[in-house]
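Below are some notes for a colleague who is meeting this structure for the first time. They are set out as numbered points, to be read alongside the sequence and the model.

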Amino acid sequence: MEECFRPCVSDRELNAMSTLALAHVGDAVYELLVRTRLTLEGNRTARVLHREAVRRVSAPAQARAIKKIEMQLTETEWEVFRRGRNAHVHAIPRGAAVGEYHAATGLETLFGWLYLRGEEQRVNELFRMIMEDSDNAT
């Protein structure tokens with residue numbers, strides 16, 4: 001992996017990675033997208049930015065997010081999501097139901113997988129779908 005900010009990992013390498021490793025990267029990718037969007041939306045205090053980011057990256061919010069895009073996923077993307085959703089996690093955070101946490105892990109796995117494949121355009125497309133729906137709801 002020569003490029004750090006825009007990696008392009010082979011499918012062979014991705015298949016060798018653990019699901020939770022993909023979710024680990026996807027969690028960071030998703031949070032960076034949320035934080036960037038919030039920052040670009042307007043001048044807010046760091047406290048407000050943090051509070052809103054936490055709200056949007058919580059397991060319940062991510063579980064709602066996957067429902068917004070699930071019909072738009074390709075068969076391969078759906079398989080990656082399912083792989084993450086079905087991963088054996090060791091702890092569920094307070095404030096999240098087990099199903100929500102599994103769905104959130106699936107979403108993070110999908111975003112990590114797409115990011116590591118270098119599919120920046122698809123990451124942006126899915127994220128915009130999630131945020132458009134969120135923006136219309138608020």
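1. A good place to begin is F127, which is buried, because its relative accessible area is 5%, under the 20% limit for that class. The model is a predicted one, and every value in these points should be read with that in mind.

2. F127 belongs to an aromatic group. Which residues make up the aromatic cluster with F127? The cluster is formed by Y30, F111 and F127 together, and the count of aromatic pairs comes to 3. The ring centres of Y30 and F111 lie 5.2 Å apart with the planes at 85°, so this pair is edge-to-face. Y30 sits in helix α2 and F111 in helix α6 (residues 98-117), so that the pair links distant parts of the chain, 81 residues apart.

3. The other pair to look at joins Y30 to F127. Here the ring centres are 5.7 Å apart and the planes stand at 80°, which is over the 60 degrees required, so this pair is edge-to-face as well. It too links distant parts of the chain, since Y30 is in helix α2 whereas F127 is in helix α7 (residues 120-137), 97 residues away. Y30 counts as buried because its relative accessibility is 2%.

4. F111 deserves a point of its own. It is placed in helix α6, and it counts as buried because its relative accessibility is 0%. Leaving out residues up to four places away in sequence, F111 touches G26, V29, Y30, L33, V123, L126, F127 and I130, a list that includes both of the aromatic partners named in the cluster. For a sense of distance, the C-alpha atoms of F111 and E70 are separated by 13 Å, with their positions 41 residues apart along the chain.

5. Is E77, a residue of helix α5 (residues 75-85), buried or exposed? E77 counts as buried, because its relative accessibility is 4%. Its side chain makes a polar contact with the side chain of R122, at 2.8 Å. When residues up to four places away in sequence are not counted, E77 touches Q72, L110, W113, L114 and R122, so that R122 appears both in this list and as the partner in the polar contact.

6. The packing of two helices can be described in a compact way, by the angle between their axes and the distance between the axes. For helix α3 (residues 46-57) and helix α4 (residues 59-69), the angle is about 55° and the axes are 5 Å apart, and the two helices are therefore oblique to each other. The contact is made by R55, R56 and V57 on the side of α3, and by A59, A61 and Q62 on the side of α4. By class, this contact has 3 nonpolar, 1 polar and 2 charged residues.

7. How many of the 11 residues of α4 are buried? The number is 8, so α4 is largely enclosed by the rest of the structure. The buried residues of this helix are A59, P60, A61, Q62, A63, A65, I66 and I69, and among them are A59, A61 and Q62, which also take part in the contact with α3.

8. The start of helix α2 and the loop before it can be read together. S18 lies in the loop between α1 (11-16) and α2, and it is partly exposed, because its relative accessible area of 42% falls between the limits of 20% and 50%. The side chain of S18 reaches the backbone nitrogen of A21 at 3.0 Å, while the C-alpha atoms of S18 and A63, 45 residues apart along the chain, are separated by 21 Å. T19 is placed in helix α2 (residues 19-41), and it counts as buried because its relative accessibility is 14%. Apart from its neighbours within four places in sequence, T19 is in contact with R83, G84, A87 and T109.

9. A last point concerns Q121, which lies in helix α7. Is Q121 buried or exposed? Q121 counts as exposed, because its relative accessibility is 65%, whereas F127, in that helix too, is buried at 5%. Q121 and A16 are 105 residues apart in sequence and 24 Å apart in space, C-alpha to C-alpha.

Note on methods:
Residues are numbered from 1 along each chain as its sequence is written. This is a predicted model: local features need pLDDT of at least 70, side-chain atom pairs count only at pLDDT 80 or more; totals for chains, interfaces and linings use all residues. Side-chain values use heavy atoms; hydrogens and water are left out. Helices (H or I, at least four residues) and strands (E, at least two) are DSSP runs, numbered from the N terminus. Buried means under 20% relative accessible area, exposed over 50%, partly exposed in between (1.4 Å probe, protein chains only). Contact means heavy atoms within 4.5 Å. Rings of Phe, Tyr and Trp (its six-membered ring) pair if their centres lie within 6.5 Å; planes under 30 degrees apart count as stacked, over 60 as edge-to-face and the rest as tilted. A polar contact is a pair of N or O atoms within 3.5 Å; within protein, one must be able to donate a hydrogen and the other to accept it, and residues adjacent in sequence count only if both atoms are side-chain atoms. Axes are lines fitted to C-alpha atoms, for helices over the stretch in contact, and angles run from 0 to 180 degrees between N-to-C directions. Angles under 35 degrees count as roughly parallel, over 145 as roughly antiparallel, 65 to 115 as roughly perpendicular and the rest as oblique. Ala, Val, Leu, Ile, Met, Phe, Trp, Tyr, Cys and Pro count as nonpolar, Asp, Glu, Lys and Arg as charged, and the others, Gly among them, as polar.
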